[in-house]
Amino acid sequence: MTKSFGDHEVLRGIDLVVAPSEVICLIGASGSGKSTLLRCVNLLEPVTSGSVWLGGQEITAPAIDPDLVRRHIGIVFQSYNLFPHMTVLKNITLGPVKALRVPHAQAEGDALALLARFGLADRAGDYPDRLSGGQQQRVAMIRALAMSPRLMLLDEVTSALDPELVAEVLDVIRELAQAGMTMLIATHEMTFARDVASRVAFLADGEIVEEAPPSELFENPRDERTRRFLRRITDAGRL
Amino acid sequence: MTESPLDLSRRGSRLFGGGGQGQARGAALSTASTIVVLAVLAALFLLAPGSAAVRHTFFSPPDMWHALIGDPAKGYYSVGAAIWLNIRMFLAAEAIIVVLALLLAVIRQSTGPVLLPLRVVALGYVDVFRGVPTILVVYAVGFGLPALNLTVVSTQDPAVYGVLGLVLSYSAYVCEVFRAGINSVPLAQVSAARSLGLTQPQAMRYVILPQAVRTVIPPLLNDFISLQKDTALVSVLGAIEANRAAEIYSSTVFTYSSFVVAALLFLILTIPLARFTDHLIARDRRRRLAGATI
């Protein structure tokens with residue numbers, strides 16, 4: 001799959017398979033195309049060439065309604081993007097009620113159960129600006145989860161957080177991984193990637209340079225670009 | 001006195017004036033300066049060579065009273081009763097304008113190729129009615145539609161044509177206000193809404209518009225203050241609203257005091273809305289300053 005913005009080729013040929021319950025971490029420098037890749041997977045960006053498949057169906061086919069596809073793919077953004085004019089509860093129930101036509105009472109019950117599961121039961125009635133960054137990002141995760149997605153895309157979900165708030169969000173991801181959620185995660189948290197990923201893919205210049213289980217990629221990177229990237233990360237004390 | 005350097009709300013309020021010590025001295029100063037300015041203006045008015053004549057023709061208390069309550073037997077209407085028509089025209093126009101302008105704004109912001117003809121129509125509509133002076137639109141509707149000699153369409157009250165003219169003109173302005181509001185909502189909000197499987201219209205309805213409308217309420221109210229005054233333009237069609245009633249009194253009794261009565265009545269209508277707008281703006285600013293501390 002490739003993606004260009006005008007003349008600028010952001011993704012030059014991505015070939016990636018994610019098996020059910022697998023957690024793939026995408027690492028790479030800023031601008032390497034991680035975010036664009038995620039946005040292409042849930043069709044927020046149309047792909048330039050190639051195709052994306054979800055569970056045996058080509059979702060980039062012209063006959064497919066992107067709105068229907070997106071119901072099965074959750075995405076969480078770096079900047080949370082909660083709806084500021086709605087309470088936490090409304091944020092979470094909007095998708096199920098409007099897109100999935102779940103009855104109101106049932107959607108609220110499900111949302112409250114998810115909030116309780118992730119320790120936010122008491123914030124259901126609050127507006128997002130009353131919450132800390134970590135809490136907002138957890139709500140954003142819950143909002144995506146409430147759609148019962150088959151795949152979760154996480155786009156540097158901890159990058160905008162204060163360091164002391166990162167752990168609570170990573171804990172949520174860990175719990176989802178243990179529960180068997182299929183996830184594609186763009187991240188700068190190398191330690192976390194090593195810990196939770198089934199496989200790690202290193203992106204540079206719009207390509208997957210190297211893809212391997214974390215132990216292999218972090219201990220014995222084969223490509224020179226991967227080695228250089230990991231060395232810079234290590235020098236910065238982040239690995 | 002200790003103040004946290006991170007306490008932005010207090011720093012913010014001081015940055016924009018007001019608050020802190022010296023508040024009592026500030027109040028005394030502003031009172032004194034207000035009195036001086038008013039006294040100077042009053043003196044200028046009273047000492048002007050034509051002051052007595054102006055006071056007699058513009059501010060004659062008996063004339064003002066008679067114009068306010070009216071006397072059909074002597075051939076003039078009550079300005080006080082006529083302003084009621086202005087209020088009704090304003091309320092009717094306002095309700096229609098909000099709906100029509102919102103519709104126009106959504107059409108103008110749409111992107112689908114199917115809606116292109118509608119977009120062209122909306123663009124033309126806004127260009128024409130924003131560009132033509134409101135009074136000419138009122139004339140065109142008020143004299144044009146009756147001249148068509150159609151059933152229903154040509155037999156309405158002048159006030160109805162007046163409202164229609166105001167709606168045409170103001171919905172073009174208010175459409176642009178709404179559009180600015182829609183554009184002020186970050187694209188990330190659209191991404192978030194669409195990623196939940198919401199369709200484009202659903203994202204507009206539940207995520208974009210609620211935020212857009214909240215943002216534009218102060219400028220919107222500003223346009224409505226303007227609309228309240230512009231109901232006086234309908235007088236050119238012969239509807240007996242406040243301005244027209246004042247005119248009739250003026251030409252019957254040969255005084256301008258009736259216009260002052262109409263002006264005062266318009267002020268009584270517009271000032272509360274103006275203060276309410278200020279209140280909303282101040283509340284919005286407080287919120288944003290409070291948000292900055294988190």
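Student: Which residue of chain A forms a salt bridge with Arg194(B)?
Tutor: This is a predicted model, in which local features need pLDDT of at least 70 and side-chain atom pairs count only at pLDDT 80 or more, while totals for chains, interfaces and linings use all residues. Side-chain values use heavy atoms, without hydrogens and water, residues are numbered from 1 along each chain as its sequence is written, and chains are lettered from A and ligands numbered from 1 in the order in which they are written. A salt bridge is a side-chain nitrogen of Lys or Arg within 4 Å of a carboxyl oxygen of Asp or Glu. With its closest N and O atoms 3.0 Å apart, the partner of Arg194(B) is Asp67(A).

Student: Which helix gives the most to the side of chain B that touches chain A?
Tutor: Both α9 (187-195) and α10 (200-230) of chain B supply at least two residues there (helices are DSSP runs of H or I, at least four residues; strands are runs of E, at least two; both are numbered from the N terminus). With seven residues, the one that gives the most is α9(B).

Student: How much area do chain B and chain A bury between them?
Tutor: Buried area is the accessible area (1.4 Å probe) that two parts lose on being put together, summed over both. Of this area, 61% is on carbon and sulfur atoms. The total is about 1,700 Å².

Student: Which three residues supply 32% of the area that chain B buries against chain A?
Tutor: No other three residues of chain B supply more. They are Ser195(B), Leu196(B) and Tyr206(B).

Student: How many residues of chain A are in contact with chain B?
Tutor: Contact means heavy atoms within 4.5 Å. On the chain B side 18 residues take part, and on the chain A side the number is 23.

Student: Why does the salt bridge of Glu22(A) and Arg199(A) tie together parts far apart in sequence, and how many residues apart are they?
Tutor: The two side chains meet at 2.7 Å, N to O. Glu22(A) lies in the loop between β2 (8-12) and β3 (23-27) of chain A, and Arg199(A) lies in strand β9 (residues 199-204), so the pair ties together parts whose separation in sequence is 177 residues.
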